Amino acid sequence: MASVHESLYFNPMMTNGVVHANVFGIKDWVTPYKISVLSLLYEMTTSKIALQEKRRLNKLILPLQQGPDLQLGQFLKTVEDCCPQTAFAVKIRLNEMADGELKDMEFFFTTLPNPTFDSEAYKTSVVGLFIRHMLLAYNKLSFSQVYKLYKSLQHYYHMGVPTFVADDSDMDLTSTEVTIGDKMERELDSPLTFCVRNEDPVSRGPLSQKQAEYFLAKQAYLLKNDDNKALRPAKLQEELNNMLKFNPDFAEAHYLNYLNSMRVQDIYISTHSLLHYFDRLILSGSEGKSNGDEGYGRSLRYAALNLASLHCRFGHYQLADLALQEAIRIAQESNDHVCLQHCLSWLYTLEQMKGSDSSVLTEDSVKMAAHFCLPYLASLGIQSLVQQGAVQGKSAHELMDALKDTDILHWKHSLSELIEISLAQTISIWRMYGKSTMAQQQAQLLLNMSSLEPVNFGVTQNNTEAFAVALCHLAELHAEQGLYGGTTEIFKHLKEQFPPHTQHAKLWMLCDLKIQFEKHMNDGKYHLAQPLVPAIRAQNKTEGLYRKAQVLKSLSRTTEAYRILQKLQVHCEKTRCTETIIRVLLSTAELHWESSDFSTGLPLLLQALTLSRKHHLQALASRTLLHLAFTQLMLGVPEQALSVLHEALEPILAHGGIMDKGRALMLAARCQMALVATRPNGREQAAVAIHTLDEAASYFSTLNCKERLRDVRYLQARLHSSLGQTAQRNRCAMLFHLLDRELQTPRAPTDMRL
Amino acid sequence: CLITPNLKMAALCSEFGDLVQIKKQLISVISLCKERGLVHSVKWASELAFALDPLPKDELPPSHLVSEEDVQDLDAFALAKSYFDLKEYDRAAYFLRGCHSKKAYFLYMYSRYLSGEKKKDDETVDSLGPLEKGQVRNEALRELRVELSKKHRAGELDGFTLYLYGVVLRKLDLLKEAVEVFVEATHTLPLHWGSWLELCNLVTNIEMLKSLSLPSCWIKDFFMAHIYTELQMIPGALQKYQSLIEAGFSKSTYIISQIAVAYHNIRDIDQALALFNELREQDPYRIENMDTFSNLLYVKSMKPELSYLAHNLVEIDKYRVETCCVIGNYYSLRSQHEKAALYFQRALKLNPRCLGAWTLMGHEYMEMKNTSAAIQAYRHAIEVNKRDYRAWYGLGQTYEILKMPFYCLYYYRKAHQLRPNDSRMLVALGECYEKLSQQVEAKKCYWRAFSVGDVEKMALLKLAKLQEQLTETDEAAQSYIIYIQEIFSCGEQLEHVEVSTALRYLGQYYFKNKLYDEASLCAQRCCDYNDAREEGKALLRQISQVRDQTETPSGELFVSLSDNNTPIKRVSPLNLSSFTP
């Protein structure tokens with residue numbers, strides 16, 4: 001039994017249960033806003049306006065005519081900016097209608113210039129066409145519709161000009177004495193006009209078609225470029241629900257709903273909305289043929305493809321794969337090469353995400369995309385190839401050349417998004433190679449680049465992934481140089497731009513954790529570093545394991561650390577993660593040192609050196625050289641150590657982090673110390689060593705790395721002692737003592753660590 | 001109205017034993033509702049009252065006590081009621097505005113509400129733009145709510161006005177408040193079926209139902225039975241209805257129709273058909289629920305009966321949603337899908353919120369291969385009721401036809417979620433997984449479909465074939481055996497039975513496993529079926545050859561081989577289970 005009240009009336013205007021308001025085939029509808037525009041046009045044709053003002057008004061007409069419906073306050077303000085006199089006249093005219101009777105509105109429509117005869121608004125001109133449309137639409141309205149229009153005009157007017165009625169007489173006076181001057185008039189009514197309720201046009205309930213479209217377009221743009229400026233997810237959802245309640249056929253709202261729920265990682269609602277959108281889209285395109293370029297066959301293919309991308313986003317690779325296969329199959333069946341190309345580029349992305357090698361697929365994709373003139377897909381493919389190449393150790397110039405070539409393509413087609421990605425990629429590549437200055441320079445370039453796209457909706461800086469990557473790199477670079485203040489600032493900005501719930505927030509979260517971890521390790525506060533490990537592990541499993549091993553090593557739990565490092569090495573060799581392999585090798589060598597087993601570490605170090613040289617990873621290569629030099633020193637060949645060290649010293653001082661610099665200098669000093677006894681100019685050597693240690697001490701003190709500082713002071717004290725400089729020796733000893741007391745932990749044997 | 005509290009007390013005290021009392025209550029509530037223009041509640045109560053024995057003359061409840069206020073308002077009320085009956089709601093409200101009696105107040109508010117509803121419906125035609133069409137709303141609702149809530153707070157509302165207040169709240173989407181008010185209304189006036197019915201529409205799950213504190217009255221049993229049906233808890237509903245029948249409502253057409261609908265929901269077609277036939281006998285001019293009846297006839301492909309029903313209903317009233325649905329089903333059964341779709345469309349014109357018609361129209365478009373229109377229809381159905389599993393299932397089928405097995409998984413899953421124990425969704429899911437070469441999932445689905453009671457008896461066959469493909473020979477054989485058992489145990493002849501496939505496979509299977517006796521038995525059975533006869537014979541020959549090689553051929557087999565042309569003695573199909581390992 002249906003609800004008691006539902007079936008009371010029979011509505012003749014419904015077909016398929018949908019009310020077709022558009023029964024008369026009218027595309028344009030007369031709205032109160034359109035009446036305002038009409039009255040503006042009327043004023044412009046009838047009254048005399050200064051040439052300059054007229055020009056400004058003429059420029060205004062098109063956007064007003066074709067833009068979304070504005071509130072009366074906004075409308076009058078825009079007009080007033082061009083010509084206050086006309087704005088006033090328009091307002092008077094609207095007032096006459098709104099506060100008068102229905103006949104006033106009817107009278108207005110009869111007095112409108114008829115473009116068929118009037119010369120000023122020629123019938124085929126934009127204005128003429130508009131007026132004719134409006135007249136036609138108005139004339140087709142039924143009696144009750146006219147009455148309704150009048151009601152809504154009254155409502156519209158009183159919404160826009162709330163207190164206008166009271167000042168009616170004054171206005172009339174001024175309008176008769178226009179000669180008194182615009183200025184006074186303006187003063188008079190400006191506070192009135194502008195006291196429009198400045199609420200968001202969205203929250204006022206029903207929107208017109210254009211307003212709704214504008215709202216959707218704006219929110220979608222903001223979601224893509226800077227979702228902080230878009231409405232909060234909950235709020236947006238509310239608005240969309242509202243919109244869908246009023247018009248369930250507004251398919252785009254479902255799509256925005258999908259984007260919005262992606263924002264909050266809600267797989268249920270996003271799947272639901274996506275499918276709903278495509279169900280609706282299929283309807284709207286139903287006239288088309290099922291397998292051509294147009295028509296609903298096309299939207300079917302893209303529906304499947306979108307579903308694949310959705311699953312990919314949520315990390316359901318198997319499901320994504322199935323959806324993609326389906327999209328590929330139907331695209332193949334209907335010979336849609338463009339769609340196939342999109343599928344192909346998703347296919348290699350998926351392969352890459354699953355961790356398998358997809359360079360062949362990618363190359364194919366690039367070739368095909370170039371063939372079908374799809375520059376976006378082509379350069380996306382190239383960028384993906386560059387990324388793979390970088391990981392596989394392709395030579396730097398090839399990569400840079402490829403990036404440069406795509407950049408030309410981007411600028412040609414103004415694909416600003418890809419330009420950003422390309423820059424971000426360059427930053428990452430430079431960082432990987434250990435060229436911090438270049439990376440920094442590129443990062444600045446990206447951050448200072450003004451967007452190519454017209455600055456819409458007040459978006460100054462985008463919050464795309466590229467920016468997140470650049471900022472993270474910048475933060476790490478600052479941290480390496482011990483500039484923690486700068487790092488904090490950057491993270492503050494990142495937190496604002498990419499709030500924790502957003503998609504790219506994971507990037508800076510991991511980066512932040514890594515920096516904190518490094519800092520605590522440098523400070524020797526292992527108990528503080530340890531709780532960070534699970535957090536890192538949650539973000540990135542490999543990185544987490546590596547960090548765990550490091551903490552265990554520092555806590556002298558050697559066996560456990562060794563086991564983890566072995567596991568990690570096997571894993572990384574499988575996933576071909578070269579950087580981590582090298583770092584693991586270095587850590588393993590360090591573990592061997594702990595047990596004074598220096599020679600066992602040597603082959604590991606040599607392996608690391610080969611790997612890092614092969615992949616052009618300069619920073620890691622220098623660090624490996626440091627390790628090698630240290631081993632040699634320990635094995636009792638300081639001359640060799642020193643010469644090896646010299647090879648690494650230059651790049652480290654140029655590009656390396658402050659910690660590496662300090663360590664390198666300290667090692668150099670120790671080598672020099674070892675040579676003091678053997679060299680004839682022993683005293684000089686010792687003085688040089690003291691000087692080097694001073695430099696190292698300055699680096700360590702910027703990092704506030706007290707443990708190493710203590711070592712430095714100890715060495716200095718010994719050197720001074722050997723030179724017989726008692727005063728200096730005592731000073732160094734005192735400094736050492738102070739640090740020792742402060743640290744409270746027993747000093748690890750200096751010789752055992754780098 | 002002074003009678004109301006008395007009525008309430010009586011209702012609360014009485015039990016089913018006292019049918020006379022119930023009858024009295026019904027008679028008084030009928031006149032109360034009639035005065036207030038609540039036609040549907042009157043109809044329901046009258047139907048029930050009709051099912052009970054007539055009262056002797058002296059037992060008839062006295063006509064209502066008339067209060068001072070009622071006397072004052074008598075003329076105005078009579079005038080307004082006549083306008084109200086003529087659907088001149090504004091006019092009725094105008095003449096009632098000064099009245100003080102509760103009865104007049106209710107009619108006053110109700111006229112205003114209905115006037116608003118009427119205007120809303122008229123407005124939709126006159127809207128100014130495409131986006132405005134959803135924006136027309138009943139302007140009276142807000143004012144009504146303000147006034148009613150004021151009175152509600154003061155505790156001045158009687159059962160009927162509470163009901164109206166609830167309706168207003170529901171229309172304003174204030175569902176939580178609406179439920180509270182309806183519960184209150186049922187407490188004040190338990191006999192008004194309208195409040196219960198509204199409550200039925202608002203209660204979405206069993207937890208919510210349990211949390212409501214409802215008055216204990218005989219009418220509550222009707223409510224519970226109704227809501228159990230709505231929430232697809234059919235066994236509970238059937239039990240309730242059964243106890244109602246036993247309590248003395250056996251003649252009630254309402255209960256019979258409800259039971260029939262319940263049987264329809266659990267797809268117990270024969271029971272439902274029997275009940276509907278009984279219903280038609282008792283109430284030959286009934287149109288309500290006849291669409292459900294026609295669905296059943298359709299499922300059973302009973303053309304003449306459906307045709308008779310359609311013609312009969314057209315004679316009664318051709319402009320009814322149910323009639324249109326019946327005719328739609330009739331045309332659909334005759335494979336005239338365009339006409340069927342036309343009639344479903346007409347049904348929707350008559351009532352756009354008619355859920356069944358949307359889904360059925362979707363089915364028709366599917367038959368016509370007009371997938372996009374089908375999707376549209378199904379989507380509309382879902383919009384009206386998100387819990388309509390048939391629409392979800394239909395969407396899934398549409399995408400399956402469009403060869404998008406992965407895409408339709410989502411829809412089938414939705415349908416399965418709504419009907420976890422319906423094998424059809426599970427089989428559909430299994431087929432999709434099979435197409436996606438997700439055999440493990442597919443096998444799970446088929447097995448589950450069999451476990452929940454397979455309607456179409458296809459799940460096992462599909463499972464067996466899948467296992468055959470995966471060369472899980474033992475499992476496949478097992479599935480085939482259960483399949484054959486199932487087919488023969490259900491007795492009736494089903495279409496698309498593939499016993500021969502199963503037998504053929506089993507024969508080969510036993511042959512390979514050197515179980516020659518079983519193999520030959522299967523092979524002989526194969527010969528009963530046209531499509532497998534040759535293979536059966538071939539297998540028999542093979543068996544005899546192998547047996548010749550290994551041992552001396554047994555006499556009886558030789559006999560059966562030699563007179564191949566004579567029909568082999570048919571063993572009862574049920575005996576087949578004897579050779580299961």
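**Exercise 1. Contacts of a glutamine**

Task: In this predicted model, find which residues A:Gln632 is in contact with, leaving aside its neighbours within four places in sequence, and decide whether A:Gln632 is buried or exposed.

Solution: Start by locating the residue: A:Gln632 is found in helix H31 of chain A, which spans residues 618–634. Next, set aside the neighbours within four places in sequence; the contacts are then A:Val637, A:Gln640, A:Ala641 and A:Val644. Finally, take the relative accessible area, which is 18% for A:Gln632. Buried means under 20%, so A:Gln632 counts as buried.

**Exercise 2. A pair of helices**

Task: Describe how helices H27 and H28 of chain A pack, and say which residues make the contact.

Solution: Two packed helices are described by the angle between their axes and the distance between the axes. For H27 (residues 541–554) and H28 (residues 558–575) of chain A, the angle is about 155 degrees and the axes lie 8 Å apart. Angles over 145 degrees count as roughly antiparallel, so that is how H27(A) and H28(A) run relative to each other. Their crossing is left-handed. On the H27(A) side, the contact includes A:Leu545, A:Tyr546 and A:Leu552, while H28(A) contributes residues including A:Ile564, A:Leu565 and A:Leu568. Sorted by class, this contact has nine nonpolar, two polar and three charged residues.

**Exercise 3. Nonpolar cores**

Task: Name the residues that touch the most other members of the largest nonpolar core.

Solution: That core has 224 residues, and those with the most such partners are B:Tyr113, B:Trp193, B:Trp218, B:Phe222, B:Phe223, B:Tyr399 and B:Tyr407. Apart from it lies another core, of 99 residues, with A:Tyr433, A:Leu645, A:Leu649 and A:Leu715 among them.

Note on methods: Residues numbered from 1 in each chain as written. Chains lettered and ligands numbered in written order. Predicted model: local features only at pLDDT ≥ 70, side-chain atom pairs only at ≥ 80, totals over all residues. Heavy atoms only, no water. Helix = DSSP H or I, 4+ residues; strand = E, 2+ residues; numbered from the N terminus. Buried < 20%, exposed > 50% of the residue type's maximum accessible area, 1.4 Å probe, protein only. Contact = heavy atoms within 4.5 Å. Core = buried A, V, L, I, M, F, W, Y, C linked by side-chain atoms within 4.5 Å. Axes fitted to C-alpha atoms, helices over the stretch in contact; angles between N-to-C directions. Parallel < 35°, antiparallel > 145°, perpendicular 65-115°, else oblique. Left-handed = near helix turned anticlockwise from the far one by under 90°. Nonpolar A, V, L, I, M, F, W, Y, C, P; charged D, E, K, R; others polar.
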